[in-house]
Structure formats: C-alpha cells, structure tokens
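Subject: Handover of a structure and its findings

Dear colleague,

Please find the structure below, together with its sequence. The findings follow directly after it.

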Amino acid sequence: MNRFTDFLKYFYQKSQRLKLPFLVYPKGHGRKFSVSPAKMREFNNVRFHGPKRLACYNPFVNLYFNSRGQAVVCCRNQDTVLGTYPESNIKDIWFGTIADKLREHLLNNDFSMGCSYCQHQFETSRFYGLPSMHADYYASTKVKYPKIIELELSNTCNLQCVMCSGIVSSTIRKHREKLPPLENHYDEKFVEQLREFLPHAKEIKFYGGEPFLIDTYYQIWDELLKIKSKSKLHVVTNGTILNDKVRNYLGNLKFTITVSFDAMNKELFESIRVGANFENVKSHIEEYNVLLGGKGLSLSLTPMKTNCREVPIVIDYCNTLNATINLSFVENPSEMALWTMCSQDLKELELYYKSFNFKPYKGVNAEYNIKAYYQFVNQIATYQQANQKIEDEFFQKLKTEDEARKIVKLILSQAIKENIIFESDRTEIVNVINKIGSKLSNSQQHVYFGNLAALLENRGLELVNDLMTDGLDTNKLNDSLQRMSKMPDIYKHTYL
C-alpha cells in the first residue's frame, strides 16, 4: 500500500510541474522585499503541492496562537500580531484589519511585514521546511474560517534544551532563568470560542512546551472526539511522553507526529535535550511509528555547531522509518548557530556532507529527505562564501605583526617616560606577548596581533595604566592577551 501511495505522490508532484511555464507572478509594485519572479520559479520547482503564484498562503488559511496569548499566522512571524486573547475574541482576530493588511502584503509576495525568516531562506534558496509549504495544500486567497489552526498555548515542558528559552520551556524558565511562570492566557472560554472553528479546520497542530503535558490540548482533543472530527492533527513532541492516555487519542483521532531528535549519539543527544533519556525517546519514536501505521512520522533536527555532523546520520535513521526530516534553522543563540562558523570550518563541514554515503533508500519520503539535505548543504556553502568574504575584509583591516610590535614598543616606551612602568615591567610584558604568540597558528597570530594593535591604538597608555594599578599581574595579563587570539563576532546580524 505504501508503495502505491508513494507512486501517487510522485505522479502528482510531476504532473503539477506542468503549470510552471504559465504562471504570472505579482510584480510587487516597487516593494523592496518582494520575491523576484526568478526566485519564485526556483521555489516552485520544489513545491510539493505544485507551483503557485504566491510565496505564502498562511495569512489566508492559517491561524496560530502562541503562549503569550498572541495570534499570528505563522510560527516564524511573531512580530505581526493579529490580536491578543482574551482582549479580543478569536473571530475578531481572524477577520480583523491587521490580518487584512498582512494578506495585502503577501498578495504581492512582500516579506516586509515580519517575514524576515522566510526572506532569508529564499535568499539562500533553502525552501524545504519553509513554514509556508504546509499551507500550499489549501492555497486560496479567499478569507474564510482558517483551514489550519496552530496552537502553542503553554510553555509547560519537562526538558531544558540548550538552544531553547523559558518562552518555550517552563523548566528552563524556573531553573535556568530563575523567573516566575508565564501567565496562562487560555481558559475554558478559549476552548468554547474555538468550537466554532473546529469543524472548519482541516489540520490542527499542537506545539509546546511539551504538548502531551498541556491540559488544554486534552480538552480540545475531547471536543474533537465529540464531533467525530476527521481533521488531521499534528503534534510536535520531545518524545519523552507515551502512556495509555496518549495511545488512546492516537488510536481514535487522525494524528501525525514530529519528534525533536538532534543526534544518534546518546551522550550528545542528552547534552542537547537536557533531561531526556536517549533510549526512551528512541523507543517512543519507534512505537509512535507503529501506532501511526508506518506513516505520518517525522523527525525534527536542529543543526548547531555541536551536532552538525549528526545531520546525515539522523536522516539515514529517518529513511529506515519511512519518516520525513525537518531541519530547523537556528538564529539564536548566535554562538550555537552554523551561520557564525568561520569559513574554514564551514568548508570542512560542506565537504563532509558531500562525501557522506547514505544507506540505500527508496520511497517518496526518503527522496524528500535527501533533497532537503542537499538544499541544507547548499545553504552551508552560501554561508561559507559569505563568511570568507567577511573574513577577507576583516583581515585586510588588521595590522600586521610587525606593525603591532611597533605600536607595542611605542606605547611601552611612552609608559616608561611617564613612570607608569619600569624597564623590568616592559621586558615582562613583551615576554608574555611573545610566549602567547609563539603558540598560535598563522591565522590566529594575525588576529592576535591585529586585535592587540587595535586595542593599543584605541586605549594606549590608559590601558597600560589600568594594568599597573596594583602592580604587574602577569596572570591577569596572560588571560587578557589570550582573548586577543579569538575572532571577534564579525558575523553577527550578517544574515538576519
């Protein structure tokens, strides 16, 4: 049966491409952030539900409530708030003026109204996993009841994932951030108002926190059972919860499940998903797959500096389950994000990805995973090229080692003349500078001496005076100079 379904999916995708040459795209009317026709054609070549005139149909078919009570149209656009519950009711929010304004922007393929995430993905040609893709199936510009409802009603969560914050994890908020719990905006009246919308919804998605720990979701699932809903329900879970109550809902409603799963290595996985047990989560993934009948399972991996080499390994695992992969994009924390890696590391990562040998695979889901993987690899290549250019410009502005030593000599000589240091202090300072420099690679030395020169040019005698406040402390000097060999954050805000 799965092979026949795969054939139908494949045939449908190919037949939809016949529309491509005949589409006319919005001209944008001079809008700065409108998607170009060329980029739209590139996007349309990979859209699962066929080519479309618009880049995104979310404002017309999708309604999203976040844990702050805010209604938006997309998980990635939290800036354009359509309204806030309970100050506004659901109906007024969906049919309101802010929603209409956002629709007008997207009718022109204009990403300027809070859609910077998708703008970046379009610029780097990474289309798989775009939050607009899931709305394509219901593509329409007529404003009716939303076909898709997305709910992120609480941050209740049992994990402290390293890349997350207290906004999406109550445990992080309590233990790591030491903050009081988030206000609960959603009550029984919310569920009552939602009843009007539930029969019209074709898909309802449940996020967290951890959805299987959020009581309001169980109330909504009970309502869906009462109306014998045929809606497709989707849960994004950390995979730690699977009990008889959950099994009952999975057996009586039409669920699909995405499990956040960031590594096949136990130690690495548990260092990222703090509080989770690797064996338990993996066991739950495989039982979810059985409960779903071998279809409707996906894994979501968040590639970061720590786990970026796990990407193809997790995709291999996905393929064995006939599951699909979702490769998340990390904007922040920037120190964890791939786009802040130096060009040399990005190049090595790109070569590793391109040389990886996948196990034999078959099926539409596996083909999708491989295509999504290579779009991700191309994005890495784009970052590598951009960061190489940034680094070249940075290094060109840095002083050389010879220039830096002249500046050091000049500043220290002035410090002796003004009785800030003695000759013995100068000798000790130069020795520490030389000792650190001798242990660095060529590129590190360039950064080290360049940073040192820039700092001395900026602060000069003031810096030496601070250093000598309580007498020369060589340990303190050594620690300060060690930091000079590190690249500054030259990539920050480059892409986003």
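I begin with Lys178, which is found in the loop between α7 (170-176) and α8 (188-195). The model is a predicted one. The phi angle of Lys178 is near 55 degrees, a positive value in a residue other than glycine.

Two cis peptide bonds may also interest you as you look through the loops. One joins Tyr85 and Pro86, with omega at about 10 degrees. Pro86 belongs to the loop between β3 (83-84) and α4 (90-94). The other runs from Asn332 to Pro333, and its omega is near 0 degrees. Pro333 is placed in the loop between β9 (324-327) and α14.

The helix that follows that loop, α14 (343-355), packs with α15 (364-397). Their axes are 8 Å apart and form an angle of about 160 degrees. Because angles over 145 degrees count as roughly antiparallel, α14 is described as roughly antiparallel to α15. The crossing of the two helices is left-handed. On the α14 side, the contact includes Ser343, Leu346, Tyr353 and Lys354; on the α15 side, the residues met include Tyr373, Phe376, Asn387 and Glu391. The residues of this contact divide into nine nonpolar, four polar and four charged.

Both helices also take part in the second largest pocket, as α14, α15 and α18 (442-467) each supply at least two residues of its lining. This pocket has a volume of about 470 Å³. Of its 20 lining residues, the closest to the centre are Cys342, Asp345, Glu391, Met487 and Tyr491. Glu391 is thus named both here and in the contact of α14 with α15. By class, the lining has seven nonpolar, seven polar and six charged residues.

Turning to enclosed space, the model holds three cavities of 30 Å³ or more. The largest cavity contains about 110 Å³ of space. Cys56, Cys74, Asn77, Cys115 and Cys118 are the closest to its centre among the 15 residues that line it. The elements that give two or more residues to this lining are α3 (58-61), α5 (97-106) and α6 (116-123). The largest share, three residues, comes from α6. The lining of the largest cavity divides into ten nonpolar residues, four polar and one charged.

With kind regards

Conventions:
Residues are numbered from 1 along each chain as its sequence is written. This is a predicted model: local features need pLDDT of at least 70, side-chain atom pairs count only at pLDDT 80 or more; totals for chains, interfaces and linings use all residues. Side-chain values use heavy atoms; hydrogens and water are left out. On a 1 Å grid over the protein atoms alone, a cavity is a set of points where a 1.4 Å probe fits but cannot get out, and a pocket is an open set with protein on both sides within 12 Å along at least five of seven lines; lining residues have an atom within 4 Å of a point. Grid points are joined across faces, edges and corners, and a volume is the space filled by probe spheres set on the points. Helices (H or I, at least four residues) and strands (E, at least two) are DSSP runs, numbered from the N terminus. Ala, Val, Leu, Ile, Met, Phe, Trp, Tyr, Cys and Pro count as nonpolar, Asp, Glu, Lys and Arg as charged, and the others, Gly among them, as polar. Axes are lines fitted to C-alpha atoms, for helices over the stretch in contact, and angles run from 0 to 180 degrees between N-to-C directions. Angles under 35 degrees count as roughly parallel, over 145 as roughly antiparallel, 65 to 115 as roughly perpendicular and the rest as oblique. A crossing is left-handed if the near helix is turned anticlockwise from the far one by less than a right angle, and right-handed if clockwise. Contact means heavy atoms within 4.5 Å.
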